[in-house]
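Hi there,

Here is the structure I promised to pass on. Have a look at it first, and my notes follow below.

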Amino acid sequence: MSPENIIGIMRRLDAIKEDVDELKSLAKETNGRIKELEIWRARAQGAMGTARILWLVAGGVITAIAIEMFRSV
């Protein structure tokens with residue numbers, strides 16, 4: 001191998017290393033966004049579960065009020 005070939009190979013390896021570093025950086029950013037979306041989704045699911053429970057409680061309270069109103073009549 002000639003010195004020019006070695007220099008060319010080294011330049012290509014450096015370019016590949018830069019590309020790999022860029023890919024690693026992009027992967028970290030993407031993983032961070034995915035994690036944020038998963039956290040948001042979990043919060044939304046928790047809020048929906050809480051809303052369902054509140055609807056059940058509100059329905060029970062309204063039913064109890066209606067029963068008491070009919071008893072007093």
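**A charged patch, and the rest of the chain**

Asp14, Glu18, Asp19 and Glu22 together form a negative surface patch. Please keep in mind that this is a predicted model. Within the patch, Glu18 sits in helix 1. Its relative accessible area is 56%, and since exposed means over 50%, Glu18 counts as exposed.

Helix 1 covers residues 3-72, and the protein has one helix and zero strands. The radius of gyration is 31 Å, well over the 11 Å that the globule rule gives for 73 residues, so the protein is more spread out than a compact globule. The C-alpha trace spans about 105 × 10 × 5 Å along its principal axes.

Val57 is another residue of helix 1. Is Val57 buried, partly exposed or exposed? With a relative accessible area of 49%, Val57 is partly exposed, because that class lies between the 20% and 50% cut-offs. You can also use Val57 to follow the chain: its C-alpha atom is separated by 66 Å from that of Leu13, and the two residues are 44 apart along the chain.

Now for the protein as a whole. Buried residues make up 0% of the 73 residues. The exposed area is about 7000 Å², of which carbon and sulfur atoms supply 66%. As for charges, there are 11 positive and 10 negative ones, and their mean positions are 9 Å apart.

Enjoy looking through it, and write back with any questions.

Best wishes

Notes
Residues numbered from 1 in each chain as written. Predicted model: local features only at pLDDT ≥ 70, side-chain atom pairs only at ≥ 80, totals over all residues. Heavy atoms only, no water. Helix = DSSP H or I, 4+ residues; strand = E, 2+ residues; numbered from the N terminus. Rg over C-alpha atoms; globule rule 2.2 N^0.38 Å. Buried < 20%, exposed > 50% of the residue type's maximum accessible area, 1.4 Å probe, protein only. Areas by Shrake-Rupley, 256 points an atom, 1.4 Å probe, with all protein chains shown as cover. Lys, Arg positive; Asp, Glu negative; His and termini not counted. Charge placed at Lys NZ, Arg CZ, Asp CG, Glu CD. Patch = residues over 30% accessible without salt bridge, like charges linked within 9 Å, V, L, I, M, F, W, Y side chains within 5 Å. Salt bridge = Lys/Arg side-chain N within 4 Å of Asp/Glu carboxyl O.
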